[in-house]
Amino acid sequence: MTRTHPHSLRCISMMTGTSCDGIDGVIVDFAIQDETITHTVVEHVFMPFDAAYLAQAKDVIETQNLRSAFLLGQALSQHYVACVTKLTQQRLAHDAFDTTPLSFIAVSGHTLFHQPPSSEQ
């Protein structure tokens, strides 16, 4: 189905990388016209992990303990909430009258055991 009228979406997206140094968060506007999708990054924040979180992550990597992984997941959720809060506050500081509705929030999980495929395969 081809859209003949423009459509737009605003989302918040967050991710952590294998460097395990923090969370990158963005507010992005997507515009959809016919078969073309364009995007604009409206806000970006980087929130480094604190020493306690990094120690928890190191423990999970070293011990592969399920309870430690669960607790790390809870801590990561708190970091994601803080990231959404900071993005929202930053957006309002830049434009207090921006009332663009949020369409969705996307979150990438935490990669602790990254094993990319070998090029020798």
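**Salt bridges around Arg91 and Arg10**

Asp95 comes out partly exposed, at a relative accessible area of 29% (buried is under 20% relative accessible area, exposed over 50%, and partly exposed in between, using a 1.4 Å probe and protein chains only). This is a predicted model, so local features need pLDDT of at least 70 and side-chain atom pairs count only at pLDDT 80 or more, while totals for chains, interfaces and linings use all residues. Residues are numbered from 1 along each chain as its sequence is written, and side-chain values use heavy atoms, with hydrogens and water left out.

On to the pairings. Asp95 meets Arg91 in a salt bridge at 3.6 Å, N to O (a salt bridge being a side-chain nitrogen of Lys or Arg within 4 Å of a carboxyl oxygen of Asp or Glu). Arg91 also pairs up with Asp98, with the closest N and O atoms 2.8 Å apart. Both of these partners are tucked away: Arg91 counts as buried at 15% relative accessibility, and Asp98 is buried at 15% as well. Shared partners link Arg10, Asp29, Glu43, Arg91, Asp95 and Asp98 into one salt-bridge network.

Elsewhere in that network, Asp29 and Arg10 form a salt bridge whose closest N and O atoms sit 2.6 Å apart. Asp29 belongs to strand β2 (residues 22-33) and Arg10 to strand β1 (residues 7-16), so the pair ties together parts that are 19 residues apart in sequence (strands are DSSP runs of E, at least two residues, numbered from the N terminus). Arg10 is buried, with a relative accessible area of 8%, whereas Asp29 is partly exposed at 24%. The full tally is six salt bridges.

Conventions. Helices (H or I, at least four residues) and strands (E, at least two) are DSSP runs, numbered from the N terminus.
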